[in-house]
Structure formats: structure tokens, C-alpha cells
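User: Please take one part of this structure and describe it closely, then connect it to the surroundings. I would like a careful account with the cut-offs stated.

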Amino acid sequence: MLSPSASFVQIKFDDILFHENCGDGSFGSVYRARWISQDKEVAVKKLLKIENEAEILSVLSHRNIIQFYGAVVEAPNYGIVTEYASGGSLYDYLSSAESERMDMGQIMTWALCVLAAGMHYLHSEAPVKVIHRDLKSRNVVVTADKVLKICDFGASKFLTHTTHMSLVGTFPWMAPEVIQSLPVSETCDTFSFGVVLWEMLTSEIPFKGLEGLQVAWLVVEKNERLTIPSGCPASFAELMRSCWASEPKDRPMFKQILATLESMSNDSQLPQQCNSFLHNKAEWRCEIEATLERLKKLERDLSTKEQELKEREQRLKMWERKLIEQSSSPALWTCVLQPWLSSGLYVNMQNRQNP
């Protein structure tokens with residue numbers, strides 16, 4: 001629910017002219033619209049109710065955080081009104097032909113000056129510290145002048161020392177502790193940042209072809225992570241691995257990530273290494289595909305074993321029912337139960353139970 005102290009512009013529902021649906025956010029659909037009285041193009045996320053997203057956005061102000069204009073609070077037409085980014089989501093951009101022209105300079109600018117800087121602001125510089133909890137390429141939008149902005153704070157929480165979280169977010173981007181609904185710190189966003197960086201470097205979909213719960217099982221139970229191709233520059237590979245550490249305390253804070261990226265940007269050899277990697281996708285894409293096939297087989301094998309165990313359990317239950325049904329039969333007593341009860345095995349079992 002909204003805090004009594006929440007302060008933001010309340011926009012009339014009939015002051016919004018809705019256009020096309022341009023995506024889905026957490027807990028609501030997003031539309032391109034016009035704020036009539038301000039003659040401004042905006043994005044509106046329709047909601048079933050206004051909770052903490054408006055309150056969070058109302059206290060944030062950063063070049064790389066989506067600008068919040070206000071909220072519609074007239075039941076049942078609730079909505080969050082923000083600036084509109086005409087370039088769509090980073091996810092869509094990375095799936096487009098335009099992404100084929102990405103080079104190390106663009107990746108570094110977006111990772112350093114946008115994502116890491118924006119997340120560092122949320123964790124360390126905002127009036128109230130915020131854990132995003134659902135950082136992913138679909139929740140980063142691209143403006144007309146190619147600036148990235150972090151958006152969709154529907155899953156976010158104000159940060160306390162440790163915050164217990166319900167299960168929200170999208171499994172391929174989620175840290176193990178978020179998947180398990182354990183208490184979390186801001187480094188759950190570090191894990192997600194590592195996945196977005198992987199997306200920018202590979203233009204691939206994380207854990208493509210695997211269902212969400214399959215990914216959750218692989219990440220938590222099998223400690224699996226996205227494949228870092230062998231040709232990936234070592235500094236990028238090391239940064240991603242550190243972001244994906246199983247223990248939250250072992251992951252870097254965004255202040256450290258910013259320092260690491262700054263150091264990488266001063267490496268004169270890195271641009272050539274990175275651009276060579278980006279232009280030789282055909283050589284390393286097969287490594288990612290091979291890992292996906294291995295993970296799918298692992299999951300199939302598990303499903304097969306589970307099915308075999310279920311069938312065995314069913315057979316045992318059927319056999320047990322038959323024994324119960326026949327338990328009053330003298331033939332069963334004579335042929336089966338009496339010999340077994342008088343056997344040395346039964347006596348030995350009784351002795352072990354009653355030492």
C-alpha cells in the first residue's frame with residue numbers, strides 16, 4: 001500500500017489518451033499514450049491497484065532511471081505514468097538486426113555509464129536505498145538518442161538491512177536467494193546485472209528453450225550458470241563470474257563494478273579483443289547451444305527418473321492393497337505370512353528394533 005507520506009502528481013484518467021500496447025511490465029501492461037493537458041507522449045502501466053511503485057519512483061531522479069510523471073489513482077483505472085522511450089526495450093534491441101553493429105564502445109558505455117551507474121544510484125545515492133529485484137533487459141528501455149533507462153519498479157522494495165522477499169522476477173535473471181524467497185541484499189541485483197551484461201555481449205536469450213522452473217532448479221540445485229564462450233575477453237568473463245557467485249556476500253557491489261568497468265575502459269587492448277569476439281559469433285555460438293542441450297538432457301533425465309520413481313511407488317501401493325485385501329485369507333497366512341514371521345529374518349529385525 002501507499003505510504004501516507006507518498007507525494008506525487010495525481011493524473012486524471014480522462015487526461016490520458018491511450019494508444020497501442022507496447023509491452024508488459026511486472027503486474028501490468030504498458031501502453032504508449034498522450035498526457036493531454038501537458039501535450040506530452042508518455043508510457044502508462046495499467047495496474048489493478050497502486051502499491052509501492054509510485055512511491056519508489058517519486059523519490060528517484062537519475063539520468064538512467066525512467067522519469068516518473070505521476071499516477072492515476074481513480075479506481076479501477078490505476079496506472080503509473082512515465083516518460084516514453086521510443087526505442088523499446090533493450091531485450092528487443094538485442095534481438096534486432098541493429099544489434100549486429102554493436103561494438104565494445106557501445107557495450108562499455110551502456111554497462112558503465114548507464115546500467116552500473118543507475119544501479120549504484122539506487123543502492124547508494126538515492127534518497128532511499130532501493131533493491132530493484134527484477135533487473136533484466138526487458139526492464140531497460142532505449143530512448144530515441146540511444147540512452148538506456150532502468151524501468152519497471154513493480155517488484156522493487158525499499159532496502160532494509162536484509163529484506164525478506166516473496167518470489168517475483170524472471171527466473172533466468174534471478175539470483176538463487178530470490179528464487180528461494182530468502183532474505184536478500186542489494187547484491188541480488190548484481191547477479192541480474194551479470195546476466196544483462198552477458199546478453200549485451202552475446203545477443204542471446206538467457207537459458208533459451210528452458211522453462212522457468214527448469215532454470216530455477218538448474219541455478220539453485222545444480223549451481224549452473226550461463227555459458228561464457230571461450231573467446232570472451234578475460235576481464236568481461238571474470239566480471240560476470242563474480243556477479244554470479246552463489247554466496248551474495250561474494251558478489252561485488254556496484255561501486256566495485258563501476259571501478260572494474262572504468263579500469264577495463266582504460267585497457268588499450270580490450271577494444272580489439274572485444275570487437276573480435278563480437279564479430280566471430282559463429283565460432284562461439286555453438287558453445288552456448290551445446291550447454292543448452294546438455295542442460296535440457298539433464299532435466300529430461302531427471303524427469304525420467306522422477307517418473308520411474310512414481311511408477312514404482314504406484315506398483316508398491318497396488319501390491320500393498322492386494323496384501324491387505326487378502327490378509328483375511330487362510331491361504332495367505334499359511335503360504336506367505338506365517339513362514340515369514342517365523343523366519344530368522346523377521347526375528348533379526350525384531351531384535352534390531354528392540355535392543
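Analyst: The hairpin and its setting

Strand 2 and strand 3 form a hairpin with 4 residues between them, and in the turn Asp39 has a positive phi of about 50°. Strands here are DSSP runs of E, at least two residues long, and helices are runs of H or I of at least four, both numbered from the N terminus. The model is predicted, so local features need pLDDT of at least 70 and side-chain atom pairs count only at 80 or more, while totals for chains, interfaces and linings use all residues. Residues are numbered from 1 along each chain as its sequence is written, and side-chain values use heavy atoms, without hydrogens and water.

Strand 2 (residues 28-35) runs antiparallel to strand 3 (residues 40-47), and 8 bridges join them; pairing requires that DSSP finds at least two bridges. Within this ladder, Arg34 stands opposite Glu41 of strand 3. Strand 3 also pairs with strand 5 (residues 77-83), in the antiparallel sense, over 6 bridges, and there Val42 is set opposite Glu83 in strand 5. In a regular strand, side chains alternate between the two faces of the sheet.

Aromatic side chains come next, beginning with a cluster formed by Phe13, Phe18 and Tyr31. The charged end of Lys46 sits over the ring of Phe18, 4.5 Å from its centre (NZ of Lys or CZ of Arg within 6 Å of the ring centre and within 35 degrees of the ring normal). In a second arrangement of this kind, Arg138 lies over the face of Tyr91, 3.7 Å from the ring centre.

Across the whole structure a search finds 7 aromatic pairs (rings of Phe, Tyr and Trp, the last by its six-membered ring, with centres within 6.5 Å; planes under 30 degrees apart are stacked, over 60 edge-to-face, the rest tilted). One of them joins Phe8 and Phe68 edge-to-face, at 5.9 Å centre to centre with 75° between the planes. This pair links distant parts of the chain, since Phe8 belongs to the segment before strand 1 (16-25) and Phe68 to strand 4 (residues 68-74), 60 residues apart. Phe8 counts as buried because its relative accessibility is 17%, and Phe68 counts as buried because its value is 15% (buried is under 20% relative accessible area, exposed over 50%, partly exposed in between, with a 1.4 Å probe and protein chains only). In contrast to the edge-to-face pair, Phe277 and Trp284 have ring centres 4.5 Å apart and planes at 10°, so their pair is stacked, and both Phe277 and Trp284 are buried.

Tyr91 leads on to Ser137, which is found in the loop between strand 6 (130-131) and strand 7 (140-142). Ser137 is buried, because its relative accessible area is 0%. Leaving out residues up to four places away in sequence, Ser137 touches Ser89, Leu90, Tyr91, Trp173, Val196 and Glu199 (contact means heavy atoms within 4.5 Å). By comparison, Ser263 in helix 8 (residues 254-265) is partly exposed, with a relative accessible area of 49%.

To place these details in the whole, the protein has 12 helices and 11 strands, and 45% of its 355 residues are buried. Of the contacts with a separation of 6 or more, 64% are between residues 24 or more positions apart.
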